[in-house]
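User: Hi! I'm new to this one and would love a friendly walk through it. Could you show it to me before we start?

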Amino acid sequence: MKLTLPTLLGLLTASALAQPVDIESLLQQMTTEEKLGQLMQIGGDHQGFSDKDGMEMVRASQVGSTLGVRGAATVNRIQKVAVTETRLKIPILFAFDVIHGYRTIFPVPLGEAASFDLKGMEETAAAASREAYAHGVKWTFAPMVDIARDPRWGRVVEGAGEDPYYGSLVARARVKGFQRSGKVVACAKHWVAYGAAEAGRDYNTADMSERTLREVYFPPFKAAVDAKVGTFMSSFNEIGGVPASANRFTLTDVLRGEWKWDGVVVSDFTSVEELIKHGIAGTPAEACEAALNAGVDIEMVSRTYLKNGARLIKDGKLSQATLDESVRRVLRLKKRLGLFEDPYVPEGTQAANFLIPEHRQLARVSAARSCVLLKNDKNLLPYSKNVKSVAIIGPLGDSQQDMMGSWNGDGQKKDVTTLLAGVRARLPGARVTFVKGCPVHGVVTDFKTAVAAAKAADVVLLAVGEDADMSGEAASRTSIDLPGSQLALIQAIHATGKPYTVVLMNGRPLALGWVADKSPAILETWFAGTEAGNGIADVLFGDVNPSGKLPITFPRNLGQVPIYYNSKNTGRPWSGKKNEKYASRYLDVLNSPQYVFGYGLSYTRFAISAPRLSAATMDASSPLTVSVEVKNVGNRAGAEVVQLYIQDPVAGVTRPVRELRGIERVELAPGETRTVNFTLSRKDLLYWGPKGGWVADPGEVLVYVGNSSAATGKASFRYVP
Ligand code: BGC
């Protein structure tokens, strides 16, 4: 540790406060204004605050936490004012959006979720957290654990996809990773149902039954609570007429009452003030009253608490006890993070943390494992490393910025390896050319140079998709087709008769249509981060055998949306017969998606046996084991993601046709067989019953095991409570 002035001051403060801070006595000493200050979060950047009055506010004890202020020296400079110049010397907590990396950028969360590598996700979160801490960031606004069933919604890119069970496993892994050091706190967001925005338009209304809320949207948040997440963020949307940032049912009854969680809820960016536009508050004072009373502890950016809190207490519209409870939560979090003992961060530790080889390696492995092989006719992939020439064609083939996706922390494009750079590094002896062909957007009709490059090369790679700004916040689309002239570009190359691989780069499911039908090979690579090019080249040239699976359904076209694997059967399920009229179906397209949840190919093949059960019945206290043999029957080592689904065919309320209840990623050498055991217990059968409350019905339960949600291996047991 470098002994700078702030570090020394930190040590002095630590020794002066040999006694751990007593939250209750601190609270007793605080004025109402100082309390409201703890609930205020203001914005900034590397330089300091974005608001001119930021530093004055710190001196006046009006800032409890910040958003975006970072850089160890900047953070220490501000912290010094808080802990030496204010009456009660309460340290500030510095927050930032560290979503999929800080300086080393890992694949976008949806992409990383495709790896089904939970350990890997925990490690990348831990690495992001280490780098962030080196810049003074002790609170990250991640993981985003919203369930997303609508690819129009740009924020699908930030989460783990459509499934509540898998989303819960990912939430747990990411929370554990971010919080591993004990010095950084994570934030489960956005509480709640933000992903259910009508028509996929960001910030839009959500409306649903309490059952759907509890069974689909709550579980990843509950998993985060169980993994001891320190904070939650209340979302922008309304749910059935009540905005999430003023929703007492979700914020207090569920979080505090049912889940007994004692962490901190921060609003989303100005979402408290936005209660006025939602139309449930007429004034900032009413917005403050609604949010604080519902259970939003910290207000991000807007200042309704700071300006109105004291007045509301005087008028009896906000109780001292409610205010105290929110402040208590904030102080307790600061205490748990050790901020009172050591409010500063060591300076000069960037070099030891940023982009270190270990983090780059993690990023590369994660980029490769995130790739999903969607199609591979005639085993076009992997390519031989002895090829003489490669043509990389397409607008995303050499775009460093786009590889970082949306929310890229302090990532810098100069650090990023593109597909072009990755392939060049991989094949030093080959001639690797690059032709952009067309931009992501806009109409181009002349593909002559691209076609000539394709004709002249042994290997043709088409790097197409979306640019990074097309997904993420406020980036919804009404079309999920390949934008611009990219399809025409692919078709022009196709017309040459030369085999080629479509290397997709995008932040949401796309409707691939013609490409899915005609292109010989398709590799989905999402936005793969700092090591994108190296990781993707590892897959294309066979050093890594792809093992990613889709964490979200790829529709055939947008008209099928919302489409997700765990749907209901309806009273008139379609048999698949062509002329069946009064069935739940479309006239113009099949019900099935282009690619189902859990789908992804490998360069080898795996045989998965029919599931065997350890018993024919299960009761409330004894779990059951489901076993399958998985064999690598091809001639390359590879990994398979074995998936277990259940169905409860007769229950008190209708149940989904399938529900994921187990995943296991197994690596197998050629010819190797492994037994995979899953445990099922009563908790896997629970659903929100007809009268409310979690129940499991007696009766038959079907079990499917395979390598996608279309798994055909089947067994059944009876649940006898
Ligand atoms: C986003 C959050 C983010 C916050 C702070 C909001 O607009 O919805 O996800 O954490 O800004 O940057």
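Analyst: Happy to. Let's begin with the second largest pocket: by class, its lining has 14 nonpolar, 10 polar and three charged residues. One thing to keep in mind is that this is a predicted model.

User: Which residues lie nearest the centre of that second largest pocket?

Analyst: Ser 567, Lys 568, Asn 591, Ser 592 and Val 657 lie nearest the centre, out of 27 lining residues. The space in this pocket comes to about 900 Å³.

User: Okay, and closed spaces? How many cavities of 30 Å³ or more are there?

Analyst: The count is six. The largest cavity has a volume of about 110 Å³. It is lined by 13 residues, and the closest to its centre are Gln 38, Ser 61, Val 63, Thr 86 and Ile 90. Sorted by class, that lining has seven nonpolar, four polar and two charged residues.

User: What about the second largest cavity? Which element gives the most to its lining?

Analyst: That is helix α7, with four residues. The elements that give two or more residues are α6 (109-113), α7 and α8 (164-179). The cavity holds about 80 Å³ of space, and its lining includes Phe 106, Pro 109, Met 121, Thr 124 and Phe 178. By class, the lining residues divide into seven nonpolar, three polar and two charged.

User: Tell me more about α7, then. At what angle does its axis cross that of α17?

Analyst: The axes of α7 (residues 118-134) and α17 (residues 357-370) cross at roughly 145° and come within 10 Å. The crossing is left-handed.

User: Which residues meet there?

Analyst: From α7 you have Glu 123, Thr 124, Ala 127, Arg 130 and Glu 131, and they meet Glu 358, His 359, Leu 362 and Ser 366 of α17. The residues of this contact split into two nonpolar, three polar and four charged. Thr 124 turns up in two places, since you can find it in this helix contact and in the lining of the second largest cavity.

User: Nice. Anything unusual in the backbone around there?

Analyst: Yes, have a look at Phe 116, in the loop between α6 and α7. Phe 116 is not a glycine, yet it has a positive phi of about 50°. Most residues other than glycine have a negative phi, and most peptide bonds are trans.

User: Which peptide bonds should I look at for cis?

Analyst: One is from Trp 191 to Val 192, with omega near 5°. Val 192 sits in the loop between β5 (187-191) and α9 (210-217). Another cis bond runs from Val 561 to Pro 562, with omega near 0°. Pro 562 is in the loop between α23 (532-540) and β17 (606-608).

User: Switching to strands: what is the order in the open sheet of five strands?

Analyst: The order is β19-β27-β26-β21-β22, and the pairing is mixed. At the edges are β19 (617-618) and β22 (659-668), each pairing on one side only.

User: How do β21 and β22 pair, parallel or antiparallel?

Analyst: They are antiparallel, with nine bridges between β22 and β21 (residues 638-647). For a spot to click on, try Ile 646, whose bridge partner in β22 is Glu 659.

User: And what holds strands like that together in general?

Analyst: Strands of a sheet pair through backbone hydrogen bonds, and the pairing is either parallel or antiparallel.

Note on methods. Residues numbered from 1 in each chain as written. Predicted model: local features only at pLDDT ≥ 70, side-chain atom pairs only at ≥ 80, totals over all residues. Heavy atoms only, no water. Axes fitted to C-alpha atoms, helices over the stretch in contact; angles between N-to-C directions. Left-handed = near helix turned anticlockwise from the far one by under 90°. Contact = heavy atoms within 4.5 Å. Nonpolar A, V, L, I, M, F, W, Y, C, P; charged D, E, K, R; others polar. Pairing = 2+ DSSP bridges. 1 Å grid on protein atoms, 1.4 Å probe; cavity = no way out; pocket = protein on both sides within 12 Å on 5 of 7 lines; lining within 4 Å. Points joined across faces, edges and corners; volume = space filled by probe spheres on them.
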